[in-house]
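Open the model in your viewer and switch to a cartoon view. We will go stop by stop, selecting as we go.

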Amino acid sequence: MPSPSDRAHAAVPAGASEERLARVAPGIDICFQAFGDPAAEPLLLVMGLGGPMTWWRPEFCRRLADAGFYVIRYDNRDTGRSSRVRAHVTRRTVVESFFGRGGPPPYTLDDLAADGIGLLDHLGLESAHVVGISMGGMIAQTMALLHPGRVRSLTSIMSTTGRRSVGWQDPRLLPLLLARSDATREAYVASSTRFWQIIGSPGYPEQVEAVRERAGETFDRGVSASGVARQMVAVLRQPDRSDRLRDLRVPTLVIHGLADKMVHVSGGRATARAIPGAELVLVPGMGHDIPAELYDTFVEGIRKAADRASA
């Protein structure tokens, strides 16, 4: 964890608060940052596997703030500047979890959902609109199921229900996810750039330099191969939420790219089918990222779902 002085000297995007820590559970501090007017409608952004909150790009957060939200982004446990969990997970454990075997995981999606609810408690917020991407979508769904009064609207992006027959991953990605971590910044940036070029949006290709810059920022923020492995086990051990999602009564938007290699579009379709009244937006050419060219589509959809909550 960085010292308070390190956090104080970190670059702060325009319109954002300083980064702060919230104690959400014994031994678990969550690093977060907010954009916009605290009196506006609160909106919680939940990132995916191994992703720090900075993967929610500042321009996207500012656009959401301009749409009337008080935007809160945060590092999940084991990511970025949030707490690391002391539990050893091997690649064998991950593979066993992939096949539904092995002992209890270090933590579950329920625990990750409780971290987000704990952050709302820390901020004195009774409820919020919740937007999750990939693993973050799974966490957001779990928040809505376990704490229905705390979630005003739900947006699940490139995610799935937990059912193994939908939302599968291209098997060619697993060796890349299980590869040994790169110890140096240069090696991490190179391997991360290759990975994002595989799973990114073919219809909206990102400039290589921008991908490299984000990878360097991620490394500097703090990467943990063991933390990613623990998150992977939590994802692989998740239950099938399909039946429980049918009981949700929260305005829901589901967004999924038709070119997603990380979570097949069947996961998005299944999520929308399971949640009564959910709106499904399928985007041609979109992979497992949020291209800047689609910011307006995302912001408009999230705003529409939020407006349904207050109608």
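**Stop 1: strand 5**

Select strand 5, in this predicted model, at residues 128–133. Of its 6 residues, 6 are buried, so strand 5 is largely enclosed by the rest of the structure.

Show the side chains. In a regular strand they alternate between the two faces of the sheet. Here Ala-128, Val-130 and Gly-132 point one way, while His-129, Val-131 and Ile-133 point the other way. Each of these residues is buried.

**Stop 2: the neighbours of strand 5**

Add strand 3, residues 41–46. Strand 3 and strand 5 run parallel, joined by 4 bridges. Pick Leu-43 and look across: His-129 in strand 5 stands opposite.

Now add strand 6, residues 151–157. It runs parallel to strand 5, with 5 bridges between them. Pick Val-131; its bridge partner in strand 6 is Thr-155. Then trace the chain from strand 5 to strand 6: it passes through helix 5 (residues 135–146), and this β-α-β crossover is right-handed.

**Stop 3: the whole sheet**

Select every strand of the sheet. There are 8, in the order 1-2-4-3-5-6-7-8. The sheet is open and its pairing is mixed. Which strands are the edge strands? They are strand 1 (20–25) and strand 8 (279–283), each pairing on one side only. Neighbouring strands are turned by 25° against each other on average, direction ignored.

Zoom in on strand 3 and strand 4 (residues 69–74). They run parallel and share 5 bridges. Leu-45 has Arg-73 in strand 4 as its bridge partner.

**Stop 4: helices on the sheet**

Select helix 4, residues 109–122. It packs on the sheet and touches strand 1, strand 2 (28–35), strand 3, strand 4 and strand 5. Its direction makes about 120° with that of strand 1.

Move to helix 11, residues 266–274. This helix also packs on the sheet, touching strand 6, strand 7 (252–257) and strand 8. Its direction makes about 165° with that of strand 7.

**Stop 5: helix 9**

Finish with helix 9, residues 225–236. Put a distance label on its end C-alpha atoms: they are 16 Å apart. At 1.5 Å a residue, its 12 residues should span 16 Å, which agrees.

How many of its residues are buried? The count is 9 of 12, and the helix is mostly covered. Among the buried ones are Gly-227, Arg-230, Gln-231 and Met-232. Display what covers them: helix 3 (91–98), helix 4, helix 5 and helix 6 (174–178) are included.

Technical notes
Residues are numbered from 1 along each chain as its sequence is written. This is a predicted model: local features need pLDDT of at least 70, side-chain atom pairs count only at pLDDT 80 or more; totals for chains, interfaces and linings use all residues. Side-chain values use heavy atoms; hydrogens and water are left out. Two strands pair if DSSP finds at least two bridges between them. Helices (H or I, at least four residues) and strands (E, at least two) are DSSP runs, numbered from the N terminus. Axes are lines fitted to C-alpha atoms, for helices over the stretch in contact, and angles run from 0 to 180 degrees between N-to-C directions. Contact means heavy atoms within 4.5 Å. Buried means under 20% relative accessible area, exposed over 50%, partly exposed in between (1.4 Å probe, protein chains only). A crossover is right-handed if, with the strands pointing away from the viewer, the path from the first strand over the helix to the second runs clockwise. The expected span of a helix is 1.5 Å times one less than its number of residues.
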